[in-house]
Every structure is written in structure tokens, then in C-alpha cells.
Amino acid sequence: MLRTFRLIDTGVLSAVVLLVAACAESNAPTAPKNLFRSEMITCQASMSGGGTLTCGESQAQASAGMNFNLVLGGQGALVRLASSGTAYSAGIFSTNVTVENLIGQPMNTADGTTPDAGGIKVFFSSGPTVTGGTGTVSVANATGTGTFTGVNQPYFEYNTGALLASGSTSSSKLWQFTVPGTVTQFTFQVFVTTRLPDEVSPIVALGLSRSPSALTISPGGSGTTSVTLTRTHFTGAVTLSLGGAPSGVTGSFSPAAPTGNSSTLTVNVGLAVAPGTYPLTIDGTSTAGPRSTKLTLTVATAGSGNVTVDFSSCPVAERAVWVAAQDGANPWTRITGTADVYNFTIGSSGGGLAYVVVGASDAASITVQYRTKAEFTAGTLVQCPPPATGKTINGDVAGAGFTDRPTISLGGSEATVFTFLSSTFQLTDVPDGNQDLVAYRQSLANGPESAIIRRAQNIADNGTIATLDFNGVEAFAPATATITLGGLLGGEQVNQNMSYQVGANCTTAGLYFGATGGATFTASGIPSIQQVGTDFHALTVFASLGNDSRFITQYNHDLTARTLTLGGVIPTPTITTLATPPAYKRLQAAYTLPIDYEGSTSFGYNDGANKSVSISATFGYLGGTSTTLALADYSALSGWDNNWPPATSSTGQWTVSGSSVFPASACTEGATLKSATVNGLF
Amino acid sequence: MASPGRPTPGPWPGVLCGVLCVALLVGCTASEAPQLAPPPVIVFDWMRNGNRDIYRAGLDGKDTVRLTSNSGDDQHPTERAGVVVFTSYRDGNGELYVVPSRGGGGPEQRLTTTTANETQPTLSPDGRHIAYLSDESGVPKLWMSGADGTNPQPLTAGFGFAGSIEASPSWAPSGDRIVFVSTANGRAGLFILTLGGGGTPTPLVADSNHTAVEPSWSPDGRLVAFASDRAGVTNIFTLDVATLQIRQFTTDATTAGQPAWLADGRLVYTSWSGGTPRLRWRDTTVSGSSVTIDLGTGDAQHSAAVF
């Protein structure tokens, strides 16, 4: 069950609260001397995969589940807590935690030289609290308990009898939690309290971090990483340098001595640099004290070939850290790229592409794609579309009550108005030029529905749409049609989703989503009199029963009565755990696809925490409906990390899906897409 | 027309009304029955049956009723007007839920849906509002909403500093003030916020050398009970709001905290004597030892009176 967990190198834990032990005598709530800003550290621990821990600040922007996010405010501002060696075994969840002082002064001292008696205490302001499963979790080896913001709060004490100098990191302390096997997840929130010198006000602090934390560069190539400086009452220059670089590797920072909050490091690798992995550091010197953060450099030989895979347009966090290819049935080969572009050769038998994207807190996703040569070489495989940019447009609706759900779409941007909160909405990334605005008022109480279409809208950036009044003169009642659904097995839950395709670019505008109530139902859409020739309805029907789900989408200009027939149910695949080593979970799925899904198929599994695998294959590559997909053994390839896939002992969910061939255009009369999914547990 | 499947927003006002109506009916019936003076009733969170859930029980430890049942911890119950509001972590983060206080398998309804943690709710004396904590800004701060979770709003914007922590709100019986914990002075102390006044919270107990936490305002408005380490081991003290005189209420050898007043002036609190948290009560007007509420095994905390 043990699995190493890294937090330091990914810059994980951080953010702080500092409560100085001695404070002003005044009872007035004045701004504290010698203090502080503070952000709580929220940690989510999972028992799956041998034990994982993700920590971050609690911020409004944070996603549910409190995944760590490096860029959210305050991260690494005053203190950075980092953990390593996280494991769950025999009812004990354990992790080693250090405290790094990012403040310009020493911690645990009142005068700057004499250690304070209190030490540096990391206390639990909330939790451990069970968020998954049942049972109780407790801190097993706390240094003690104290009254900080409530009574009996456990704490771990660091640097007892010693200062923690600016820029220094404490020795590691083992944190242990008693976690019964019935608990799958728990969370806790910690703050830090320590004594700081009185005479310095305000607190000065500097945090240094980088993203990504690892670069893969071919000889003769270069790569970049963004350096972030988190400043607290400190505006001075920070002189940056690259440490630990081997001969032939150089780094340049732009700017080299930033007075702002960021710099870009470009690492250049000479042609003579031997392939391998090099631990580097990014060092900063300033009057706020020395700072350092780690950077891993992997040097490997560049590839060439008839396939080009381009991650360069992806956000940095979504770029591959490891790529491999398989030509036909030949062994997999590690591919190194330049500036996030990879080249390799695929012959007439087709082949595979595998890549790994890592996230914060050891999260990793592995993607494997099997295709024909023609599919691989049809053009550069751009992994991420260019980021959406466009105008921001505001508006408001009228004629919509609390039980109405208006949806407004313009140029592919969509906003849903929750009328019980506000009648206003904002559309972002709206392309410039004329676009057709579609607004639809769905009733959640079976009341009358209403629609508005405004053609050829080209509203200025930050402009305002005139009020959309669903009871106004431009509004019209939707058309309706009776839809019959074929292929149901009985007992399924069936839902419908109606979209409307408009404009020369066949842009999607959402209308509504709802349950059908059975195999025959009424769909709503745009009356013919309101349509132009390029408009199309896109009706999607979902049917799910247990672990099976199917859907069908059909595109039609007119909304008329019709029958839609679902594809077949994907049979439950045979899931096999392939032999180990390697020391990670290798699953195989064997199944026969129903003939409705002769486009592509995929098999994926995840550990329920932060490790996932997705393997897909086109029907052209497979050559038939009999399908066997499995995660290959990549452990012998350079740069591979056995911690990327789910651990050998992990449990989680698998999913198999199939899809028909995607229509060339959604604005094609009668174009139909069918898909199905089945899932289960491993 | 289409038959959209999105559920209509929950009929919370109706549910609340229904609960109130039931409570009133039961109350009327009970008033015609012989007066047996049943013991006061409390709600609390209890680690029992494999999970931390919300329970209610008489002060004698009898008539225990489990009010919630799900995976994930449920904590910090507060009761008024026939409903219990509490924090649940069943969704992965702290959210406020409500359940009828009479139990009987009543529906548990979610009141908040945010990415932040909503914790430590306290219903106002008239049951129309909830004071609670939200860490939407990055650290827990005092917020208030309607009893159905609507109209959430921060109450202490501009108070303290950005990172100062707030905790443990407790309403004055008049409903116009809230006493709460803040680290605005660097160390946890007690402050009073006057609602609707737009003013800055005023310090009540803000001793730079000691910590004061977990206040509870007495039903008669005269006293605020709180936990403090001002006498060494954390114990419970009472503060006369008019004279600011502080008296030590418990003298336990181990930590005592989480005081909660009952309507009759008795005080329930949590004692860590023996290691496992136990609920105890004492009469503030009578000298004598505390009485442990015999709930059986399990870690019981965060009690609140059922009014």
C-alpha cells in the first residue's frame, strides 16, 4: 500500500497563518503590529492508491475537493509547508512535513537572536474531518493540543529551542493519522503560529516558485518555465540565477532581477550535453533573504518522422512531460521533443502514441491513442486548440421568474441566468463579427417557454445587449414535435438536450435540458418561420440504466416528428489485471463493440484520486469490432515514472465507450452520432 | 412543450413552514398532557455507529435520536424553531444542511453550495437567520444568511486584517448582536458585532496574553460563557456583559470547552477528562460538581440547546 508522494518538487503545500504569541496590549482591534496575512492550508487526503495528499488554500476560486492550485492568492507567501513520503498502510496515514520560512525575518524569536519557547506550531483549525466513507480520523502523534481558535486543537511543533532563519526549511516531522479502513477520504485545515521579532513592521516575505517544475529539452534545444514571486510588503529586486546546471546548460531570466511578480527562465541545452536527468535550482537573492526552488531538467535525443504532435499551445500544466510512440507492433520508443513538439514515424500498419501529463500533488494522466497511418499523418496533431479570446458582453433578461432558466448564447459563448440570484449575465470570449444571438427561457415548472433570436449581432467589447424580454414583442413561443425513441430496453432514465446550430460557422447555442418521461416525448425548438437556411436543431437523447449509458444526437433543420433509435448496449468487457512488474496497475479490457459504434472506442480507468489512464483506438486501426485494449509496460523506457499510473494495489473505476463516426459537420441534415458507455469497478 | 428534467428549486419555505406547523401542533398537544417536566433536550455531534452524525438527547442522556445518517462528518448543530442546521462534509467540503429537530427520518436539505467551507452555523433566536463561517476569502470569516441559506453576506468586511480568523458566532438573545472569536489583535479573543449598525466589532475579551474562544451568550443576555487558557488549563469562564467581570466556571484538570446554554440557565460543555470528549452540564447558579451526560461510548461534542 505504500507509495511515495512528492509535494516539495511540485510546490505543493503552502500558505499560512501566523499568530504571533505576544501582541499589543491594547484591546482595540488595530492593525496588528508585526503581522501578517494568512491563508489557511486545506488538505484533502485519500486512502486510494496507497495514500495521497493534496493541499492548497481555501479560496473562492478553488475547485470542489480542494485540489491544490499553485497560483491562487497567497500560495507560498509566508511559509511553505511541503510533504513527502505520503503513505497509507495498516490504518495509518502518514506524511513527512517541513516548514519553510519565506519571511524576511527569522521565526520563533522575539529579538531576532534568542529562540522563543513556543516553537513553530502548525495547528489544526479544522479536522481531520471525514469527507468520504465512514469512521473517525484522528491525529495520532501530535506534539500536543492547545487552544488556538478553539479548544483541544492538535498541533505539530517545529524548531523547538531554535530559530528558523529566513529562507530556511525546518527538519522534517512525521505526521500520522489514524484512519480506519472504512474511511476513503478526509480533510483538514491547518494554520501556523509562531513568534516573530516585534520591531519589524510590516512583515516582509518572498515566495519563489516555478511552473512547470520539470523541463524536457533535446540537445540544441531550449525550454521555458515561468517563475513566480509572491511578495508580501516587499518590492525590491530579486536577482535570479540557475543553479546546478551541467556544462553546456545555461539559463537566462527575463527579467533577470524582477521587481514584479514574475520572470521567465529559458533553459538552453547545448548539443554536447549528454542525455539524462539533471536536478537544477532556481535561486533568488534579495534583501528579503535567499530563496530557492527546484527544477528538474531531462535531456534526451530529439526525434523525427512523419507524425507531429504539438503540445505547445496547451497551458503549461497540460503539456506532456513524457511521450512515447509505437510503430506497428514494434516496441514502444521514448520520444523527446523540442519546445513541446514531438516527431516520430508511423508505418503502414499504424501505431500508437502515449503521453503523460502531470498535475499538482503527483496527479498524472496517461493517454494512449492507436490510429492508422493516415489518421496519424493527416496533419499536425495539435493537442490543444488556441485559447479562446474575444469580447466580453453583458446583458440582462426580463420576463423570467424564479422557476425559469434562461440560457443566452452568442458566438459559441453561453450563459445561464439564475433568476433567483440575478437577472444579469455576462458572455465572455465572444468572437468579433456578426453572430446570431439565441436566448431560450426554459421553465422548470412546466410553464410556457419562450425564445428570442437576434441575427447578426456584433456588439462591442464590454458592450451591453439590450434587455432580452421573454414576454416582449420579439419573443416567440417555441415549436414542438413528438419524438419517438427506439432501442430502449425498459427501466432506463431518459433525458433530452436541445441545442441550436446557427451561423456560417455552425455555432452551438444551448436551448434546454430535461427529462423525457418515456420513449415518446415532446421536444421544443425554433419555429420554421424564425429559421434561416443555415440553422439546425441538434437533439440529443441520453438513456442510462445502471452502469450503461447511451446517447444519440441528430441534426435537422426543421423540428419535426421523428424516431431516433439508440445504438446497442456495450457488453460488459472482460477486465484483466496484467502481470506485474512493473509496479503499477496495468488493466486490460476485452470486448466486442456493437456495430453502431464503428468510429472509435476507448478504455479508461482511474484510482478515484489523481491517477488516470485513457486508451483509445479508431475502428480503422482495430479493423473490426473485437477489441482488446491494455496499458502497455513502459517501465523500461527512459524517463518513465512508475508512480504515474494507478498503483498496483489501487482500486477505482473503469470505463469502456464506443462511438460512431463523427459527422463532418453538425449542420448536415440527418447527421447522426451515436455513443455508449459502460463502467464498473476494479 | 418540452418536459425539462431539471428539478425545481427545493420548496424550502414550505418545508420550514411544515416543520413549524408540526412543531406547533405537537406543542399544543403536549400542553394538554400531564406536566412531567421532561429534561431539557440538546443536539450535538457524536461519533457513533461508525460515523460522526447529529443526534438529539435529553439532558439525562436518554431518548437519543439520530438526526442524520450519511457518509462524511456532520458537525456543529444549532437548533431553533424546530429545525437543526449543521455543517456536513458529505460533499467533500463543509456545507450547511438542515434537518427537522424532532428526527424521525426527516429530509436532510442542503442550504449552501459553494466551493468554500461553510461551518459553525448558529441560528438566530427567532430562527430566521444563520450566522456562520465562510472561508470564501481564504480564511474563515463571519457571514449571515437567511434560515434557508439565501442572501449570504459577510458581516465583518474591513474588520481585523485580511488574514485574521473568525470563529464560533453566538447570538445575543435579543438577536441584534453576535459575539464571536477573532484574531484581529493577533491572538484569539472575543468581539461583539452589532447587526445593522454598520460599525466595527468591539472587543469583549481581548487579552494579549491569553486566548478566549467558543463564546456562548446566555438566554437572559447577562453572561457570555467562553473557553480560555487564562488560568492554565483551558477551562470555561463566564463574563458579565454589563460589568465585564470574569469568573471561572469549571476547574477541570483537563481541557473543558464548547459551552452551550440551556434555556433554564444550565450550561452544557465538552470535557476532555479521560481523553474522550464527553458532554457535561452544570447549573451556573448553584455551586457543585458537573454532571456527565450518560450517552454511552463515543466522542460527543458541540452541543446546543433545543429551544
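Colleague: Let's start with Gln120(B): which strand of chain B is it found in?
Modeller: Keep in mind that we're looking at a predicted model. The strand in question covers residues 118-123 of chain B, and six of its six residues are buried. Gln120(B) is found in that strand, S8.

Colleague: And is Gln120(B) itself buried or exposed?
Modeller: A residue needs 20 or more other C-beta atoms within 10 Å to count as buried. Gln120(B) has 29 of them within 10 Å, so this residue is buried.

Colleague: What is the phi of Gln120(B) near?
Modeller: Most residues other than glycine have a negative phi. Gln120(B) isn't a glycine, yet its phi is positive, near 50 degrees.

Colleague: How many bridges join S8(B) to strand S9 of chain B?
Modeller: S9(B) takes in residues 129-134, and these two strands run antiparallel. One facing pair is Leu123(B) with Ile130(B). The number of bridges joining S8(B) to S9(B) is four.

Colleague: Which residue takes a positive phi in the hairpin of S8(B) and S9(B)?
Modeller: Look at the turn, where five residues sit between the strands. The phi there is near 75 degrees, and the residue that takes this value is Gly127(B).

Colleague: Over to chain A. How many strands does it have?
Modeller: Helices number just two here. Of the 682 residues, 49% count as buried. As for strands, chain A has 46.

Colleague: What share of the contacts in chain A join residues at least 24 apart?
Modeller: The pool here is the contacts between residues at least 6 apart in sequence. Within that pool, the share that joins residues at least 24 apart is 70%.

Colleague: In the open sheet S22-S19-S25 of chain A, which strands stand at the edges?
Modeller: This sheet has three strands with mixed pairing. Residues 341-344 form one edge and residues 381-382 the other; each edge strand has a single partner, so one side of each is left without a neighbour in the sheet. Those strands are S22 and S25.

Colleague: Which residue in S25(A) stands opposite Asp310(A)?
Modeller: Strand S19 of chain A, residues 307-310, runs parallel to S25(A), and two bridges join them. Opposite Asp310(A) you'll find Val382(A).

Colleague: What about the sheet S3-S4-S9-S6 of chain A: how many bridges join S4 to S9?
Modeller: This one is an open sheet of four strands with antiparallel pairing. Its edge strands are S3 (79-89) and S6 (138-139), each pairing on one side only. Between S4 and S9 of chain A, Ser94(A) has Gln176(A) as its bridge partner. The bridges joining S4(A) to S9(A) number six.

Colleague: Where is Pro128(A), which has a cis peptide bond before it?
Modeller: Most peptide bonds are trans. The bond from Gly127(A) to Pro128(A) is cis, with omega near 5 degrees. Pro128(A) sits within residues 120-133, which is strand S5 of chain A.

Colleague: Which residue does a cis peptide bond join to Ser254(A)?
Modeller: Omega for that bond is about -5 degrees. The residue joined to Ser254(A) lies in the loop between strands S15 (249-254) and S16 (262-269) of chain A. That residue is Pro255(A).

Colleague: Is Cys506(A) buried, partly exposed or exposed?
Modeller: Cys506(A) lies in the loop between strands S34 (493-502) and S35 (507-515) of chain A, and its phi is positive, near 55 degrees. Buried takes 20 or more C-beta neighbours and exposed 12 or fewer. Cys506(A) has 16 within 10 Å, so it counts as partly exposed.

Colleague: Which residues is Thr464(A) in contact with, leaving aside neighbours within four places in sequence?
Modeller: Thr464(A) lies in the loop between strands S31 (450-457) and S32 of chain A. With 12 C-beta neighbours inside 10 Å, Thr464(A) counts as exposed. Those contacts are with Asn394(A) and Gly395(A).

Colleague: Last one: in which strand of chain A is confidence lowest?
Modeller: Chain A averages a pLDDT of 83, and 87% of its residues score at least 70. Over residues 1-39 of chain A, though, the pLDDT is below 50, and it stays under 50 over residues 57-75 of chain A too. Among the strands and helices, confidence is highest in S32(A), at 97, and lowest, at a mean of 63, in S2(A).

Key
Residues numbered from 1 in each chain as written. Chains lettered and ligands numbered in written order. Predicted model: local features only at pLDDT ≥ 70, side-chain atom pairs only at ≥ 80, totals over all residues. Contact = placed C-beta atoms within 7 Å. Pairing = 2+ DSSP bridges. pLDDT = per-residue confidence, 0-100.
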